[in-house]
Amino acid sequence: RDLDGLVGSEMCIETEDGKLNLLGERIAQLRKKSGLSQNSLARELQLLGVNLNKNAVSNIELGKRSISDIELFAIIAALHVSADDIFRYGNKKLANL
């Protein structure tokens, strides 16, 4: 697909199974391990200045929404995990594309 001239959501790249991110499943695992609900995580993110609601968290976890670097850093902080905890899993998923 030629990406020249595309902007915003038109530039979204999907995995073969149609997901818009590689890390949503891992974020869900780490959130559950931390004992947080999607709503609780959304509140933590809002306290960190990232305006995501429960629906946005759900869509990220399901791969229905892409994630920005700012959002990802806030999620890492809210879950009290390292980037390596998330990206190690993402690299395995990337290798399977």
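Visitor: What comes after helix 1, and what is the sign of its phi?
Guide: Gly35 follows helix 1, and its phi is positive, near 80°. Helix 3 is followed by Gly63, whose phi is also positive, near 80°. Helices here are DSSP runs of H or I with at least four residues, strands are runs of E with at least two, and both are numbered from the N terminus.

Visitor: What kind of model is this, and which residues count?
Guide: The model is predicted: local features need a pLDDT of at least 70 and side-chain atom pairs a pLDDT of 80 or more, while totals for chains, interfaces and linings use all residues. Residues are numbered from 1 along each chain as its sequence is written, and side-chain values use heavy atoms, with hydrogens and water left out.

Visitor: How many helices and strands does the protein have?
Guide: There are 5 helices and 0 strands, in the order α-α-α-α-α from the N terminus.

Visitor: Why is Arg31 called buried?
Guide: Buried means under 20% relative accessible area, exposed over 50%, and partly exposed in between (1.4 Å probe, protein chains only). Arg31 has 7%, so it is buried. Arg31 lies in helix 1, whose other buried residues are Gly24, Ile27, Ala28 and Leu30.

Visitor: What makes Glu61 and Arg31 a salt bridge?
Guide: The term requires a side-chain nitrogen of Lys or Arg within 4 Å of a carboxyl oxygen of Asp or Glu. For Glu61 and Arg31 the closest N and O atoms are 2.6 Å apart. The pair joins distant parts of the chain, with Glu61 in helix 3, Arg31 in helix 1, and their positions 30 residues apart. Both partners are buried.

Visitor: Which residues does Arg31 touch beyond its neighbours within four places in sequence?
Guide: Arg31 is in contact (heavy atoms within 4.5 Å) with Leu36, Ser37, Gln38, Leu41, Glu61 and Leu79.

Visitor: Why is Asp84 classed as it is, buried, partly exposed or exposed?
Guide: Asp84 has 47% relative accessibility, so it counts as partly exposed. Arg88 falls in that class because its relative accessible area is 43%. Their closest N and O atoms are 2.9 Å apart, which makes a salt bridge by the 4 Å limit. Asp84 and Arg88 both lie in helix 5 (residues 83-95), 4 residues apart, about one turn of the helix.

Visitor: Which residues do salt bridges with shared partners join into one network?
Guide: Asp85 forms a salt bridge with Arg88, the closest N and O atoms being 3.6 Å apart. Shared partners thus join Asp84, Asp85 and Arg88 into one network. The structure holds 5 salt bridges.

Visitor: What makes a set of residues a nonpolar core?
Guide: The set must be buried Ala, Val, Leu, Ile, Met, Phe, Trp, Tyr and Cys residues joined through side-chain atoms within 4.5 Å. The largest such core has 19 residues, and Ile27, Leu45, Leu79 and Ile86 have the most contacts inside it. Helix 4 gives the most to this core, with 6 residues.

Visitor: How confident is the predictor, and where does pLDDT stay under 50?
Guide: pLDDT is the predictor's confidence in each residue, from 0 to 100. The protein averages 85, and 78% of the residues score at least 70. Over residues 1-10 pLDDT stays under 50, and the model has 4 contacts there beyond four places in sequence. Where pLDDT is low, the predicted coordinates should not be read in detail.
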